[in-house]
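Me: Please take a close look at one part of this structure, the open sheet of seven strands. I am new to this structure, so explain the terms as you go.

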Amino acid sequence: ITVAVARETAEGERRVAATPETCKKLVALGAQVQVQRGAGLGAGFIDETYVAAGARVADDVAALGDADLVLCVQPPSPSTLAQLKQGAALVGMLAPQADAARGEAIGARQLVAFPLERLPRTTRAQAMDILSSQAGMAGYKATLIAAQLAPRFFPMLTTAAGTIRPSKVLIVGAGVAGLQAVATAKRLGAQVEGFDVRPETREQIESLGGKFLDLGVSAAGEGGYARQLTEDEKALQQQRLADHLRTVDVIVCTAAVPGRPAPKIVTAAMVGGMKPGSVIVDLAAETGGNCELTRPGQTIDSNGVVIAGPLNLASMGAVHASEMFARNVLNFVSLFVKDGAIAFDWNDELLAKTVWPRPPKASAAAP
Ligand code: NAD
């Protein structure tokens, strides 16, 4: 089989779905690997390193058009999808429902599409979990952006010019990104607090040296995720948070509920009560933001409070984000590429639940 590695075309996307390291492993699985020229450049992998790993570097769509399996980070455009081989497999972040034309193009070519964001988050799937690996980088970068924007030090300093007290950093939402944000702010020496609606995060925040901010709201949902809060729960969370935010220097927002817009947790009134010189970095900007005033992709000033809504933070750390993404992809692909051939076992829930829209009929298993 031929496996193609796409060069990303989305604006600002620097990651790549396969590294020379994972290409070597794909070759060992019996695949011929074709990398679109320059695909790895944004992440620091030059074409020659792919060639040394046993891949062929090919120009543009020709590299993709005859592939049996195409690997990508972001979804290919409908016009690129239209040039893929009929029935080819496609693995990456595909968000097929987000764009009707994309969904149709996948259907028209009868592609076997595996949007990796659909992967069940079971123990066995951990090594393939792009949401986790990329969220780690996003939480790290969001915290560094906060440190960069803040007009203060994060650590406590004792200097000849007096003692500097450490910044008080609050991490909103303690999933994968939030916990990495707690760890990063802590390493920078800040006084770190975090909160989440899943009660198990208390121990996780504390184990990283943070303090759990107890707002008295617990809302664990299905599959280890949070559920949406009721209006009463939301009111309670907001009332307690509003008072607390007056004392905070930096907020890093990371809260999300799968399949929904980000919960609005920090209201305009709360921002109004914060000290001038405070900073909010809203990693949830991608899905609308946790702060009411966040403008996705922009950094604004609201009465002296700086609010940043950076997008695609994982791409800012393209080298390591790609290394992790590529290993996730390789581990997933290893479920169906063996001895130079593709064989889907639709009884494997990782394949059956990830494939979009559903497993092919002939051998369909219950999704
Ligand atoms: P996510 O990006 O969907 O959400 C981020 C965090 O926001 C979550 O911790 C959520 O509880 C929190 N949140 C939602 N609404 C909130 C609110 N109103 N106030 C405060 N916090 C709120 O989640 P994620 O980071 O992708 O993963 C969440 C959890 O899923 C992980 O921490 C883990 O427990 C589980 N998980 C398991 C596996 C696995 O076993 N393979 C892999 C990844 C994640």
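Reply: What follows starts with the model as a whole, then turns to the sheet and its surroundings.

This is a predicted model, in which local features need pLDDT of at least 70, side-chain atom pairs count only at pLDDT 80 or more, and totals for chains, interfaces and linings use all residues. Residues are numbered from 1 along each chain as its sequence is written. The chain has a mean pLDDT (the predictor's confidence in each residue, from 0 to 100) of 95, and 98% of its residues reach 70 or more. For the complex, the predictor gives an ipTM of 0.94 and a pTM of 0.95.

The chain holds 13 helices and 17 strands. Helices (H or I, at least four residues) and strands (E, at least two) are DSSP runs, numbered from the N terminus. The C-alpha trace spans about 65 × 45 × 35 Å along its principal axes.

The sheet you ask about is open, with its seven strands in the order 11-10-9-12-13-15-14 and with mixed pairing. Two strands count as paired if DSSP finds at least two bridges between them. Strand 11 (211-212) and strand 14 (299-302) are at the edges; each has a single partner strand, so one side of each has no neighbour in the sheet.

Further in, strand 9 (residues 168-172) runs parallel to strand 12 (residues 250-253), and four bridges pair them. Within this pair, isoleucine 171 is opposite valine 252 of strand 12. Strand 13 and strand 15 are also paired in the parallel sense, over three bridges. There, valine 279 has valine 306 of strand 15 as its bridge partner.

The antiparallel part of the sheet includes strand 14 and strand 15, joined by four bridges. Valine 306 in strand 15 appears here again, now opposite aspartate 301. Strand 14 and strand 15 form a hairpin with two residues between the strands, and asparagine 303 takes a positive phi near 50 degrees in this hairpin. As a general point, side chains in a regular strand alternate between the two faces of the sheet.

Helix 6 (residues 130-149) lies across strand 12, strand 13 (279-282) and strand 15 (305-308), and runs at about 155 degrees to strand 13. Such angles run from 0 to 180 degrees between N-to-C directions, with axes as lines fitted to C-alpha atoms, for helices over the stretch in contact. Two residues are in contact if their C-beta atoms, placed from the backbone, lie within 7 Å.

Helix 6 also belongs to the surroundings of the ligand. There are 30 residues around the ligand, and Gly173, Gly175, Gly224, Ala226 and Ala255 come nearest. A residue is near a molecule if its C-beta atom, placed from the backbone, lies within 6 Å of it. Helix 6 and helix 7 (176-187) are the elements that give two or more residues to this shell. The shell has 17 nonpolar, nine polar and four charged residues. Here Ala, Val, Leu, Ile, Met, Phe, Trp, Tyr, Cys and Pro count as nonpolar, Asp, Glu, Lys and Arg as charged, and the others, Gly among them, as polar.

For context, the chain has another open sheet, of six strands in the order 3-2-1-4-5-6, with parallel pairing. Its edge strands are strand 3 (56-58) and strand 6 (112-115), each pairing on one side only. From one strand to the next, the twist in this six-stranded sheet averages 20 degrees.
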